[in-house]
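Here are my notes on the model you sent over. I've put them as numbered points so you can go through them with the structure open.

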Amino acid sequence: MELRRAREHGFLPEELEQASRATLSAAERAARTEPTQDQQSFLRYLNRCVSQERAPMSAAQRLELTRGLIEDITLEEVREAFRRNYSADARLLLVTMPDSDSARKPTDEEVLAVAERAERAEVEPWAARRRIESLLEQEPALGRVVERQEDADLGVLSVTLENGVRAHLRSMDYKRDEVLVRITLAGGAIEESAENRGVTDVVALVLRQPATERFTSTQIRDHLTGRNVELGGSPNPDSLQMTLSGTPDDIEEGFRLAHLLLTEPRIEPSALDVWKEQMLQEIERRRTDVQSRLEEEAKRLLSGGDPRLEFPTREQVEALNLEQGQAWLERLMANAPIEVSVVGDIERDEALRLVRRYLGSLPERPPVAGALADLREVRLDEGPLESRIEVDTITPTAFVMVGWRGADWADVEDRRLLQIASQILQSRLRDEIREERGLTYSIFCYAGAAREYPGTGRFVSLFTADPERAEEAAELARQIMRDFAGEGPTPEEMATVRRQFANIIETQQQEPSYWASVMADMDYRGTRLQDVKQAMDEYISYTAEQMLDVLGRYVTETGSIRIIAVPRRVAEPPAETPP
C-alpha cells in the first residue's frame with residue numbers, strides 16, 4: 001500500500017528536505033572521520049568498488065559530489081525515479097512462513113489475488129506529521145557528584161552521583177568525531193522466572209523502536225534524521241544496555257532521548273507484534289538447528305536446568321502481553337542500578353556535564369556494585385555431564401562440545417590463563433582432528449568466563465563432525481585437551497601465544513569501543529581498572545608452570561562436559577515389492 005501511495009502521490013516537500021539533510025549530514029561526517037577509520041572499513045569499501053566496477057573516491061570527494069547534486073534535486077525527479085524503480089509490473093512477491101505441516105501454504109493465485117486487491121485499493125496522499133520541536137519540555141537539573149576517582153595513567157575519571165548512578169569517562173581521539181556511550185541497567189532476565197520468561201526481550205523493544213508517552217517512534221525517527229546520533233541497545237543475561245553513538249555536536253540529543261526513555265518509555269503494540277512473529281519463527285528454526293540445540297543443552301547442563309538460561313518456548317512467547325512488558329519496563333527504568341561509560345572524541349568535563357544533567361537527574365537508585373548478588377546462584381551438578389541429543393533436521397552434520405567448566409570472571413588470573421591455553425589448543429586440535437584425521441572442517445577452542453552466574457564458565461572445544469564419526473572425534477578432542485593439561489605448552493607455543501596476545505591487546509586498547517564496553521559494567525562485574533591497565537604485561541609474563549597449575553584445577557572428572565548433537569535417523573520407507 002505504501003509503495004502504491006508513493007507511486008500515485010509522490011512525496012512531501014518536508015520529506016525531501018529531511019532526506020537531503022540526512023544524506024548531506026552522513027557525507028559530512030564520513031569526510032571528518034575518514035582519516036581515523038579502521039583498516040577493515042577501508043578494505044570493505046575498496047572491495048565494494050571492485051565488485052561494482054567503479055573507481056574509489058575519498059569521503060571528501062563524495063561529499064563534494066553530494067553537495068553538487070543534492071541541491072538541484074526536485075520532488076518531481078524523486079517521484080519519477082521512484083516510479084521507474086518500483087513499478088508494480090516489476091515487483092517480487094515473496095511469502096515467508098514456517099515449514100510446518102500445520103501451516104497451509106497459499107497458492108500462487110491466492111498470493112496474486114492479495115497483491116491485486118492491494119493495487120486496486122484507494123490510497124490517500126500522505127499527510128504531514130507533527131514534528132518534534134524539543135524532546136524535553138525543560139532541561140533537567142544537574143546531578144551532584146558525591147565521589148570521584150581518577151586513573152591518571154589512562155585518563156579515566158570515575159564518579160558516583162548523588163542518585164546512585166556510577167559513571168566512567170575517558171577522552172580519546174583515536175577515532176575522530178566519534179563519541180560512544182553505554183548505559184547499563186542492572187536486572188532484567190536474571191529476575192525472570194518460568195512464568196514470565198522473555199519479558200526482558202519485550203522491554204528491549206523500546207531500544208529498537210524508541211517511543212515515549214508523548215512521542216511515537218516515527219516522530220522520534222524523523223526528529224533524529226539529519227543528526228549524527230544513534231540510539232540502540234540489547235538485553236543481556238543480567239542487564240539491559242542502552243547504547244548511544246554520535247558526533248560531539250549531536251551526542252547531547254542522544255542523551256536527551258536516553259533521559260526520555262528512562263523516565264517515560266512506551267512499548268508500541270506494533271513492536272510487540274513483530275517481535276512475537278519473529279520469535280515464533282526463531283523457535284521453529286532452532287527446533288531443527290543442530291548447533292542451537294547443542295547450545296541450549298549446554299546451558300541446561302551447566303546451570304542445572306535454570307529456566308532463566310533457557311530460550312523462551314512458544315507458550316511463553318504467546319503468553320506475554322503489552323501490559324506485562326510495560327510494567328516490567330517501567331520498573332527497570334525507575335529502579336535499576338545504573339552504570340555508564342562515555343568514551344571518545346569529547347572533553348571529559350563535557351562528558352561529565354552530560355552525565356550529570358541527563359542521568360544524574362533521574363530518581364535515586366541502589367549502587368550497581370554487587371547488585372543482584374542473591375540471584376546469581378544456580379544448581380551446579382557434579383560431572384561428568386554428558387548428553388547426546390537427536391535433532392529432527394535434514395542437515396547431515398553433527399555438532400560436538402567437549403571440555404570442562406571454566407573460570408568465573410572474578411578469577412582474573414585463572415580466566416586469562418585458560419584463555420591462553422585455549423589459543424594454543426586451537427592449533428593443536430585443528431592440526432590433529434582436521435588436518436591429520438579429517439574428522440571435521442571447522443573446530444574452535446575457547447574459554448568463556450562466567451560473568452552472570454558463577455560456575456557456568458566454559459573451557460571447551462566445539463566443532464562439526466560426520467554423525468557416524470562424532471563419538472570418535474569427541475574422544476580424540478577430549479584426549480588432546482587432557483594431554484595438554486598434563487604436559488603443558490612447549491616453549492615455542494608460549495612464545496607464539498605471547499606475541500598473539502600482545503598484538504590483540506594492543507589493537508583492542510586503541511579502540512574507543514573497547515573502553516566503552518569494559519567500563520560500561522566495570523563496577524557491576526567487579527572488574528578492576530588496574531587489571532585492565534596491566535593486561536598486556538600480565539598476558540605476556542604468564543609461565544607454562546602457572547598454566548599447568550590452573551589446568552590441573554579445572555580439567556577434572558567432576559568438571560567435565562560432553563555434548564553430541566546429531567541428526568535424528570529417519571527410517572527409510574520399505575521397498576516396494578515388484579508386481
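1. Start at G488: this glycine sits just after α17 and takes a positive phi of about 80°. Keep in mind throughout that we're looking at a predicted model.

2. Now the helix ahead of that glycine. α17 covers residues 470-487, which makes 18 residues. At 1.5 Å a residue, the helix should span 26 Å, and the end C-alpha atoms are indeed 26 Å apart, so the expected and actual lengths agree.

3. Which residues of α17 are buried? There's a run of alanines, namely A470, A473, A474, A477 and A485, along with L476, I480, M481 and F484. R478 is on the buried list too.

4. Next, have a look at T212, in the loop between α8 (205-208) and α9 (217-224). Is T212 buried or exposed? Its relative accessible area is 5%, and the cut-off for buried is under 20%, so T212 counts as buried.

5. What does T212 touch, once neighbours within four places in sequence are set aside? One contact is I220, and α9 runs over 217-224. The others are L260, L261, E264, P265 and R266.

6. On the other side of α9, R227 lies in the loop that leads to β5 (229-236). R227 is partly exposed, at a relative accessible area of 33%. Not counting residues up to four places away in sequence, R227 touches two acidic residues, D250 and E253.

7. If you were wondering about R227 and R451, they are 224 residues apart along the chain, and their C-alpha atoms are separated by 36 Å.

8. Stepping back to the whole protein, there are 23 helices and 12 strands. The radius of gyration is 27 Å, close to the 25 Å that the globule rule gives for 579 residues, so the protein is as compact as a globular protein of that length. Along the principal axes, the C-alpha atoms fill a box of roughly 90 × 75 × 55 Å.

9. Buried residues are 46% of the 579. Of the contacts with a separation of 6 or more, 83% are between residues 24 or more positions apart.

10. Last, the surface and the charges. The accessible surface comes to about 30000 Å², with 49% of that belonging to carbon and sulfur atoms. As for side chains, 75 are positive and 107 are negative, and the centres of the two sets lie 1 Å apart.

Technical notes: Residues are numbered from 1 along each chain as its sequence is written. This is a predicted model: local features need pLDDT of at least 70, side-chain atom pairs count only at pLDDT 80 or more; totals for chains, interfaces and linings use all residues. Side-chain values use heavy atoms; hydrogens and water are left out. Helices (H or I, at least four residues) and strands (E, at least two) are DSSP runs, numbered from the N terminus. The radius of gyration is taken over C-alpha atoms; the globule rule is 2.2 Å times the number of residues to the power 0.38. Buried means under 20% relative accessible area, exposed over 50%, partly exposed in between (1.4 Å probe, protein chains only). Contact means heavy atoms within 4.5 Å. Accessible areas come from the Shrake-Rupley method with a 1.4 Å probe; for residues, only the protein chains shown count as cover. Lys and Arg count as positive and Asp and Glu as negative; His and the chain ends are not counted. The place of a charge is taken as NZ of Lys, CZ of Arg, CG of Asp or CD of Glu. The expected span of a helix is 1.5 Å times one less than its number of residues.
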